[in-house]
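Hi,

Here is the structure I said I would pass on to you. Please open it alongside this message, and my notes follow underneath.

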Amino acid sequence: MTRGLLGLVASGCGGVESWFRTDLAEPARQRGWRLAITLTPTVVPWFAEANELEKLQALTDLEIRWNPRLPSQPKPYPTPDAFIFAPASANSVAKLALGIGDNQALTALNEAIGVENCKVVVMPQASEDKRRHPMWQSHVTTLTNAGVVVTDEAPGRLLDLLDT
Ligand SMILES: Cc1cc2nc3c(=O)[nH]c(=O)nc-3n(C[C@H](O)[C@H](O)[C@H](O)COP(=O)(O)O)c2cc1C
C-alpha cells in the first residue's frame with residue numbers, strides 16, 4: 001500500500017545518527033510511505049561519519065536534500081502529504097516558529113505549515129537548559145496554534161500520530 005509522500009526532517013541533536021533510520025525512516029517505509037528526506041546542514045556530516053547517508057538513501061527513490069535547488073532547477077517533488085521533524089533541535093524549533101528558512105529543511109517545513117491536510121509533527125530534542133530560554137514556550141505555542149503537532153513522544157510513536 002502506498003500512503004503518500006512523507007517528509008522526514010532531522011537536525012543536529014545528539015544520537016540522531018544512531019536511531020533516525022532504524023526507528024523512524026525504516027518503519028515509515030514499512031508502513032508504505034514514500035520518503036522525502038531533508039537534513040539540516042549541521043547534521044549531514046554526522047550521518048556521513050556514521051556511514052548512514054547511503055543507508056538512508058537506499059530507502060527512497062528521492063534524493064536526500066540539504067542543499068537548496070538552483071534557480072534553473074525545478075522543485076524535485078511537490079509538498080509532501082505529511083511531515084515528521086525529528087529530532088528538532090532547539091535552534092531549529094526557534095527558527096521554524098519565526099518562519100526562518102535559512103536552510104532547505106526549514107524551507108520545506110515552513111512551506112508545509114498551514115497547508116490543508118498536511119500534518120506536521122515536530123519532536124523537539126532539547127535539554128532543560130535549552131527549554132529554559134525565555135522564548136522556548138512561546139515558540140512551541142506559536143507552532144501549536146498554527147496546527148503543528150509538537151510532541152515529546154518517542155520516535156517509534158511518531159508515525160502513529162499521522163493516523164490520528
Ligand atoms: C554532539 C552534539 C549534540 C547536540 N545535541 C543537541 C540536542 O540534542 N538538542 C539541541 O537542541 N541541540 C543539540 N546540539 C546543538 C545543535 O547541534 C546546534 O544548536 C546546531 O546549531 C543545530 O543546528 P540545526 O538546528 O540546523 O541542525 C548538539 C551539538 C552537538 C555538537
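Below is what I found, starting with the pockets and moving on to the salt bridges and one asparagine. Please keep in mind that this is a predicted model.

**The pockets**

Let me begin with the largest pocket, which has a volume of about 280 Å³. Its lining is made up of 18 residues, and those nearest the centre are Arg65, Lys75, Gln104, Ala108 and Glu111. Two elements give two or more residues to this lining, namely strand 2 (33-39) and helix 5 (104-112). Of the elements, helix 5 gives the most, with 5 residues. Sorted by class, the lining of the largest pocket holds 9 nonpolar, 5 polar and 4 charged residues.

The second largest pocket comes to about 220 Å³. If you would like to select its lining, pick Leu62, Glu63, Ile64, Arg65, Trp66, Asn67, Pro68 and Arg69, and then add Gln73, Pro74, Pro76 and Tyr77. This lining divides into 7 nonpolar, 2 polar and 3 charged residues. Do look at Arg65 while you are there: Arg65 is among the residues nearest the centre of the largest pocket, and Arg65 also lines the second largest pocket.

**The salt bridges**

How many salt bridges does the model have? The count comes to 12, and three of them are described here.

Start with Glu111 and Lys75, since both have already come up as residues near the centre of the largest pocket. They form a salt bridge whose closest N and O atoms are 3.3 Å apart. This pair links distant parts of the chain, with Glu111 in helix 5 and Lys75 in the loop between helix 3 (53-57) and strand 3 (82-88), 36 residues apart. Glu111 is partly exposed, because its relative accessible area is 43%.

Next, try Arg21 and Glu26, which form a salt bridge with the closest N and O atoms 2.8 Å apart. Are the two partners buried or exposed? Arg21 has a relative accessible area of 15%, so it counts as buried, the limit being under 20%. Glu26, with a relative accessible area of 24%, is partly exposed.

The third is found in helix 8 (residues 155-161), where Asp160 and Arg157 both lie, 3 residues apart, or about one turn of the helix. Their side chains meet in a salt bridge at 3.0 Å, N to O. Asp160 is partly exposed at a relative accessible area of 25%, and Arg157 is also partly exposed, with 35% relative accessibility. The two belong to one network, in which salt bridges that share partners join Arg3, Arg31, Glu153, Arg157, Asp160 and Asp163.

**Asn103**

Finally, have a look at Asn103, in the loop between helix 4 (90-98) and helix 5. Asn103 is buried, because its relative accessible area is 12% and the limit is under 20%. What does its side chain reach? The side chain of Asn103 reaches the backbone nitrogen of Ala105 at 3.1 Å. Leaving aside residues up to four places away in sequence, Asn103 touches Thr40, Pro41 and Lys95.

If you have time for one view, I would centre it on helix 5, which gives 5 residues to the lining of the largest pocket and holds Glu111, the partner of Lys75.

Best wishes

Technical notes
Residues numbered from 1 in each chain as written. Predicted model: local features only at pLDDT ≥ 70, side-chain atom pairs only at ≥ 80, totals over all residues. Heavy atoms only, no water. 1 Å grid on protein atoms, 1.4 Å probe; cavity = no way out; pocket = protein on both sides within 12 Å on 5 of 7 lines; lining within 4 Å. Points joined across faces, edges and corners; volume = space filled by probe spheres on them. Helix = DSSP H or I, 4+ residues; strand = E, 2+ residues; numbered from the N terminus. Nonpolar A, V, L, I, M, F, W, Y, C, P; charged D, E, K, R; others polar. Salt bridge = Lys/Arg side-chain N within 4 Å of Asp/Glu carboxyl O. Buried < 20%, exposed > 50% of the residue type's maximum accessible area, 1.4 Å probe, protein only. Polar contact = N/O pair within 3.5 Å; in protein donor to acceptor, adjacent residues only side chain to side chain. Contact = heavy atoms within 4.5 Å.
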